[in-house]
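Dear colleague,

I am passing on to you the structure we spoke about, and below it you will find my notes on what turned up when I went through it. Please keep the sequence and the 3D view open while you read.

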Amino acid sequence: MSDRLWDAYEQVCVVELRPVRELVDRLRAGEFGPFPRAEVLDLLRALQQNVLANVYLKAQEHPAYAERADEVAEEQRQLFDALLTEVEADWPWP
């Protein structure tokens, strides 16, 4: 994954605190220049792994989080699966 793609992720999701869905939309629109489909898929898979790991880490740290961990993890899986499917099916650059 390129530094440029990681920088786009950090700008949108970390600095601006926007959701990953918005990142994908802005990448698709070419706001940060073209990115190969495979690179975007790699980023999304890495982010999905990190998010799911964090859900379960928080569940271990606090009982209130543990009660909803499976539900939150499933919501995140569905979100990332949908994004991955969209990028695989229709991405403006090869």
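Leaving aside its neighbours within four places in sequence, L44 is in contact with V20, V24, F80, L83, L84 and V87. Please bear in mind from the start that this is a predicted model, and that the values below were computed from it. L44 has its place in helix α3, and it counts as buried because its relative accessibility is 0%, where buried means under 20%. If you would like to relate distance along the chain to distance in space, you could take L44 together with G33, since the two are eleven residues apart in sequence and 17 Å apart in space, C-alpha to C-alpha.

L44 also leads us to the nonpolar interior. The largest nonpolar core has 20 residues, and V20, L23, L27, L44 and V87 are the ones that touch the most other members. At least two residues of this core come from each of α1, α2 (20-28), α3 and α4. Apart from it there is another core, of five residues, which includes L52, V55, A69 and A73. As for V87, its contacts, not counting residues up to four places away in sequence, are with V24, R28, R37, V40, L41 and L44.

It may help to step back to the whole chain at this point. The secondary structure comes to four helices and zero strands, so that, read from the N terminus on, the order of the elements is α-α-α-α. Along its principal axes the C-alpha trace spans about 45 × 25 × 20 Å, and of the 94 residues in the chain, 31% count as buried. When one takes the contacts between residues at least 6 apart in sequence, 67% of them join residues at least 24 apart.

The next topic is the largest pocket, which holds about 220 Å³ of space. Its lining is made up of 13 residues, and those that lie nearest its centre are Y9, L47, V51, Q76 and F80. The elements that give two or more residues to this lining are α1 (3-15), α3 and α4 (63-89). Which element gives the most to the lining of the largest pocket? That element is α3, with five residues. Sorted by kind, the lining residues divide into nine nonpolar, three polar and one charged.

Two residues with polar side chains deserve a careful look, and I suggest that you find each of them in the viewer as you read. The first topic is Q48, which has its place in helix α3 (residues 37-61). Is Q48 buried or exposed? Q48 is buried, because its relative accessible area is 13% and the cut-off for buried is under 20%. The side chain of Q48 makes a polar contact with the side chain of D81, at 3.5 Å, and the residues that Q48 touches, not counting those up to four places away in sequence, are Q76, R77, F80, D81 and L84.

The other is R26, which is found in helix α2. With a relative accessibility of 14%, R26 falls under the 20% limit and therefore counts as buried. Its side chain makes a polar contact with the side chain of E16, at 2.6 Å. Not counting residues up to four places away in sequence, R26 touches V12, E16, R18, E31 and F32.

I would also ask you to look at the backbone of L17, which is placed in the loop between α1 and α2. Most residues other than glycine have a negative phi. L17, however, has a positive phi of about 55° although it is not a glycine. L17 counts as exposed because its relative accessibility is 66%, and exposed means over 50%.

Finally, there is E71, which is found in helix α4. E71 has a relative accessibility of 43%, which lies between the two cut-offs of 20% and 50%, and so it counts as partly exposed. Between E71 and V87 there are 25 Å in space, C-alpha to C-alpha, while the two are 16 residues apart in sequence.

With best wishes,
A colleague

Methods: Residues numbered from 1 in each chain as written. Predicted model: local features only at pLDDT ≥ 70, side-chain atom pairs only at ≥ 80, totals over all residues. Heavy atoms only, no water. Buried < 20%, exposed > 50% of the residue type's maximum accessible area, 1.4 Å probe, protein only. Polar contact = N/O pair within 3.5 Å; in protein donor to acceptor, adjacent residues only side chain to side chain. Contact = heavy atoms within 4.5 Å. 1 Å grid on protein atoms, 1.4 Å probe; cavity = no way out; pocket = protein on both sides within 12 Å on 5 of 7 lines; lining within 4 Å. Points joined across faces, edges and corners; volume = space filled by probe spheres on them. Nonpolar A, V, L, I, M, F, W, Y, C, P; charged D, E, K, R; others polar. Core = buried A, V, L, I, M, F, W, Y, C linked by side-chain atoms within 4.5 Å.
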